[in-house]
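Work through the exercises below with the sequence and the structure open. Each task is followed by a solution in steps.

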Amino acid sequence: MANAESNVDNNVEGQNVEGQNADGQNAEGPSAEGPSAEGPVDIDAVKRDWVGHKFDSTQFRVHGDRMLAWAEACGETDPRFTDADHPDFQAHPTYTAQFGAKQLFPKGFPKLGRGGFDAGKAVEVHQPVHAGETLTGESEIHDIYTKTGRSGTMIFIVHRMTFSNEAGEPVSTVDWRIMRSAKD
Amino acid sequence: MRYEDVELGDDLPETEPDVSMARVLQFCGSAKMNFPRFNDHEAARKEGLPGAIVPGIMSQGLLASMIHHWAPGARIVKLDTVFRTPIVVDTHPRCVGAITDTDDEQRRVEVDLTIMNDAGNTSVLGTALVELD
């Protein structure tokens, strides 16, 4: 298990776990993925083989000062998020979206398409996150699908992280949609 | 804001979030995301971006704040965001939203959310599930 403090710095949008990053940035780079498949990739087969595959567990420390800075930077006005003395002081709802796994894909995962963009994130809140907690994020490949538009077919890989607190209670689920071009 | 106070189709008050470099630096500090594409216009342009960009997860946070501004005390159950085009730092985006579904039993509403850039184009699309008192 990784050190909690060090992994707080593993954020997904700048982190370079596998050369991936976000906001339109290229995601090529060293990877745990296997070699590129020759010819058309059978997405259904990849989906059958990998969806539900759990592959990473990382711990993250939650810092009160960073919770406050995050909420303020986002223009928050509700004292639950901006006042450390509030009886219900808690992290902003999407706070866990910053935490990234040690690896984006499982070892041996086929290289699907090329490039890579952060297409979006979905955060489900199960219960509030509090300052001082150490969360454990468990990663799995949650879904793989394609969409075809004007710019061609894009492959979407959904990396799900499920966060729990020290009591083992689920606090948050974050789905990170990574988009890649199906073109070689 | 109580559940009884809202109706399907209601608009949320529009917000104009602060995405100045100072705010983005604060966010990047809180999330340990100190990278040139977020904090340096010139370096971001060298990466092919129109300028330093607002982190996607900050834009998600802006939408969460918009919901709390509309309904203090509300509980965001889920917030799903699609990052379409980057929001450039030091510009003036606008956040808009509307209630698209209601659930009397759970006292929850679904809210469609959009962040538009200076040109009025959609930068971020979102859907939130929000529980009200």
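**Exercise 1.** Decide whether Arg180(A) is buried, partly exposed or exposed, and find which backbone oxygen lies 3.1 Å from a polar atom of its side chain.

Solution. The model is a predicted one.
- Step 1: Locate Arg180(A), which lies in strand 5 of chain A.
- Step 2: Take its relative accessibility, 3%. Buried means under 20%, so Arg180(A) counts as buried.
- Step 3: Look around the side chain. A polar atom of the Arg180(A) side chain lies 3.1 Å from the backbone oxygen of Gly115(A). The cut-off for a polar contact is 3.5 Å.

**Exercise 2.** Find where Lys32(B) is in chain B and classify its accessibility; then do the same for Arg107(B).

Solution.
- Step 1: Lys32(B) is in the loop between helix 1 (21-31) and helix 2 (36-39) of chain B. Its phi is positive, about 55°, although the residue is not a glycine.
- Step 2: The relative accessibility of Lys32(B) is 34%. Partly exposed covers the range between the 20% and 50% limits, so Lys32(B) is partly exposed.
- Step 3: Arg107(B) is in the loop between strand 2 (94-103) and strand 3 (108-116) of chain B. Here too phi is positive, about 55°, in a residue that is not a glycine.
- Step 4: With a relative accessible area of 23%, Arg107(B) is also partly exposed.

**Exercise 3.** Describe the largest pocket: how much space lies in it, and which residues are closest to its centre?

Solution.
- Step 1: The space in the largest pocket is about 690 Å³.
- Step 2: Its lining has 28 residues, and those closest to the centre are Ala119(A), Met179(A), Val82(B), Phe83(B) and Arg84(B).
- Step 3: Elements that give two or more residues to the lining include strand 5 (170-181) of chain A and strand 1 (75-83) of chain B. The largest share, 4 residues, comes from strand 3 of chain A.
- Step 4: Sorted by class, the lining has 13 nonpolar, 9 polar and 6 charged residues.

**Exercise 4.** State how many residues of chain B are in contact with chain A, and which three residues supply 18% of the area that chain B buries there.

Solution.
- Step 1: The contact involves 38 residues of chain B and 37 residues of chain A.
- Step 2: The two chains bury about 3,000 Å² between them, with 50% of it on carbon and sulfur atoms.
- Step 3: The three residues are Ser30(B), Ile57(B) and Phe83(B); no other three supply more of the area that chain B buries against chain A.

Methods:
Residues numbered from 1 in each chain as written. Chains lettered and ligands numbered in written order. Predicted model: local features only at pLDDT ≥ 70, side-chain atom pairs only at ≥ 80, totals over all residues. Heavy atoms only, no water. Buried < 20%, exposed > 50% of the residue type's maximum accessible area, 1.4 Å probe, protein only. 1 Å grid on protein atoms, 1.4 Å probe; cavity = no way out; pocket = protein on both sides within 12 Å on 5 of 7 lines; lining within 4 Å. Points joined across faces, edges and corners; volume = space filled by probe spheres on them. Nonpolar A, V, L, I, M, F, W, Y, C, P; charged D, E, K, R; others polar. Polar contact = N/O pair within 3.5 Å; in protein donor to acceptor, adjacent residues only side chain to side chain. Contact = heavy atoms within 4.5 Å. Buried area = accessible area lost by both parts, 1.4 Å probe.
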